[in-house]
Amino acid sequence: MIAAATSPPAAAPLVRVRGLTMARGDSVIQRDLDFDIRAGEVLAVVGPSGCGKSTLLRHLIGLQQGAQGQVLYGEHDLQHADAATARELRRAFGVMFQSGALFSSMTVGENLMLPLQMAGRDGDAEIERQARFKLALVGLDGSAARMPAELSGGMRKRAAIARALMLDPPLLYLDEPSAGLDPINIARLDDLVLKLRHYLGTTVVMITHEIDSVFAVADRVLFLDDQDKTMIGLDTPQALLDHGRAAVRRFLQRGRGE
Ligand SMILES: Nc1ncnc2c1ncn2[C@@H]1O[C@H](COP(=O)(O)OP(=O)(O)OP(=O)(O)O)[C@@H](O)[C@H]1O
Ligand SMILES: [Mg+2]
């Protein structure tokens, strides 16, 4: 088991979110979001169901445009970038969506090779070698020829993370990677996140309902509130548990069974 860092590393932020307001039609989902994603950190995004976590992810990766505000990768605002710049900026991250399914008609290996093939990478042997390496990294050595239906739920989640890692992104977005898993597989996923950070230096943004995971892996927690419709907490898990707003403390305590 690799320990979570005790203090967040100091480095230039990979992403700066500034004054982001997200809405559907006239209805605001979250407003005035201001936070950084720091290089090398594990940032957990939490909050009640429906508060807008997955929506935030879609804004962070440029799939959805904010009603206001900016999502800055370096000096570039992904929200308003032209197509070529957006394509370039997207190379900075890998994504595992909440519904993060593998294609069921393709083998696990073929699923993994797809991102490299779509990026126009040459060399089947090299692409295959990469797929085998990424599978080994998530503890699925030898599973390349299997169909997704032949894997357990936890194995499928790890395969989806391996696919998100195929382009070696410095930043990985995970939406509920532990949903539907038993405690052993949740702990395995937590371990994987720490390993990625430790060995590859990957920065991880993880949306999660699992408070134990938050305390196990997160350097910082971003809390999105569904009542105030904005962020009401951004700090280390322990600091929020000790000194956070009442709604944040309740949320973290409930998850800890306290
Ligand atoms: N396709 C959609 N059409 C209309 N409203 C949507 C759509 N997707 C999300 N919403 C609304 O946006 C809000 C935020 O949804 P979102 O999926 O981001 O929440 P979440 O925090 O990820 O929830 P969960 O924890 O259940 O995954 C919700 O009120 C939801 O009803
Ligand atoms: Mg969601």
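**Close-up views of a predicted model**

**View 1. Helix α5 from end to end.** Start with α5, whose 12 residues reach 17 Å from the first C-alpha to the last, close to the 16 Å expected at 1.5 Å a residue. Keep in mind that this model is predicted.

**View 2. What surrounds α5?** Is this helix mostly covered or mostly uncovered? It's mostly covered, with nine of the 12 residues buried. Among those buried are Arg-156, Lys-157 and Arg-158, along with Ile-161 and Ala-164. The cover over the buried residues includes two strands, β6 and β7, plus the helices α3 (108-118), α4 (124-137) and α6 (183-200). You can also see α5 (residues 153-164) lying across β6 and β7, at about 155° to β6.

**View 3. The sheet, strand by strand.** Here six strands make an open sheet with mixed pairing, and the order to follow is β6-β7-β8-β3-β9-β10. Look for the edges at β6 (93-96) and β10 (231-235), each of which pairs on one side only. From one strand to the next, the twist averages 15°.

**View 4. Zooming in on β6 and β7.** These two strands run parallel, and four bridges join β6 to β7 (residues 171-175). Try picking out Gly-94: the bridge partner in β7 is Leu-172.

**View 5. Around ligand 1.** The residues around this ligand are Arg-24, Ile-29, Ser-49, Gly-50, Cys-51, Gly-52, Lys-53, Ser-54, Thr-55 and Gln-98. Sort the shell by type and you get two nonpolar, six polar and two charged residues. Which helix gives the most to the shell? That's α1 (residues 53-60), with three residues.

Notes:
Residues numbered from 1 in each chain as written. Chains lettered and ligands numbered in written order. Predicted model: local features only at pLDDT ≥ 70, side-chain atom pairs only at ≥ 80, totals over all residues. Pairing = 2+ DSSP bridges. Axes fitted to C-alpha atoms, helices over the stretch in contact; angles between N-to-C directions. Contact = placed C-beta atoms within 7 Å. Near = placed C-beta within 6 Å. Nonpolar A, V, L, I, M, F, W, Y, C, P; charged D, E, K, R; others polar. Expected span 1.5 Å × (residues − 1). Buried ≥ 20, exposed ≤ 12 C-beta atoms within 10 Å, placed from the backbone.
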